[in-house]
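Q: Could we go through this model together, one topic at a time? I would like to know what each term means as we go.

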Amino acid sequence: MNDSEAIALALEEAKSAALRGEVPVGAVLLGSEGGLLAQDGNRILELKDPTAHAEIQVMRTAARNLGNERLIGTTLFVSLEPCAMCAGAIAMARVSRLVFAACDPKGGAVLHGPRFFEQPTCHHRPQVVQTELHAVEAGEILREFFRARRS
């Protein structure tokens with residue numbers, strides 16, 4: 001699976017999350033050879049778990065299936081810039097590459113806020129790619145979700 005296909009799949013997971021009433025964020029984790037290890041969306045409300053962000057869900061699934069908490073050589077694709085909690089988990093899991101579509105100036109922690117991977121206390125820094133590919137679509141999915149909530 002290539003980057004474009006993986007981000008598109010993460011957006012499908014975001015749409016599925018919205019249909020469940022969750023904030024529409026989706027994630028996909030690929031192995032070093034490009035094989036799909038996990039895909040999911042936010043499940044915070046469903047699981048009554050404040051840590052059930054899409055990124056955490058796919059890393060948990062992949063780690064369990066691989067029998068290893070280290071996800072070395074993997075690429076994580078996310079529809080939205082990860083928050084500080086997810087950035088910390090990405091570093092702890094040793095994800096090699098992070099690709100996300102939409103920036104999150106309010107809650108993001110990669111290019112915004114604490115810029116987690118730039119901190120001296122961060123022991124692992126994945127290659128970070130903020131792709132313009134599907135960024136507009138990812139932002140629109142979020143805007144539409146919150147627009148519907150306000151009306």
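A: Let me fix one term before anything else: contact means heavy atoms within 4.5 Å. This is a predicted model, in which local features need pLDDT of at least 70 and side-chain atom pairs count only at pLDDT 80 or more, while totals for chains, interfaces and linings use all residues. Residues are numbered from 1 along each chain as its sequence is written, and side-chain values use heavy atoms, with hydrogens and water left out.

Q: OK, then which residues is T131 in contact with, leaving aside its neighbours within four places in sequence?
A: With those neighbours set aside, T131 is in contact with I7, V99, F100 and A101.

Q: And where is T131 found?
A: T131 sits in the loop between β5 (127–130) and α5 (135–150), where helices (H or I, at least four residues) and strands (E, at least two) are DSSP runs, numbered from the N terminus.

Q: Is T131 buried or exposed?
A: T131 has a relative accessible area of 14% and is therefore buried; the cut-offs are under 20% relative accessible area for buried, over 50% for exposed and in between for partly exposed, with a 1.4 Å probe and protein chains only.

Q: What does the side chain of T131 reach?
A: The T131 side chain reaches the backbone nitrogen of L133 at 3.0 Å.

Q: Switching to cysteines, how many disulfides are there?
A: The count is zero disulfides, a disulfide being a pair of cysteine sulfur atoms within 2.5 Å.

Q: Why is there no bond from C83?
A: Because the closest cysteine sulfur to that of C83 is the one in C86, and at 3.8 Å this is too far for a bond. As for accessibility, C83 is buried at a relative accessible area of 18%, and C86 is also buried, at 0%.

Q: Now the aromatics: how many pairs does the structure hold?
A: The structure holds two aromatic pairs. In one of them, the ring centres of F116 and F117 are 5.8 Å apart with planes at 90°, so the pair is edge-to-face. Rings of Phe, Tyr and Trp (its six-membered ring) pair if their centres lie within 6.5 Å, and planes under 30 degrees apart count as stacked, over 60 as edge-to-face and the rest as tilted. F116 is partly exposed at 25% relative accessible area, whereas F117 is buried at 7%.

Q: What about F145 and F146, how are their planes set?
A: The planes of F145 and F146 are at 85° and the ring centres 5.1 Å apart, so this pair is edge-to-face. F145 counts as buried at 10% relative accessibility, while F146 is partly exposed, with a relative accessible area of 34%.

Definitions and conventions:
A polar contact is a pair of N or O atoms within 3.5 Å; within protein, one must be able to donate a hydrogen and the other to accept it, and residues adjacent in sequence count only if both atoms are side-chain atoms.
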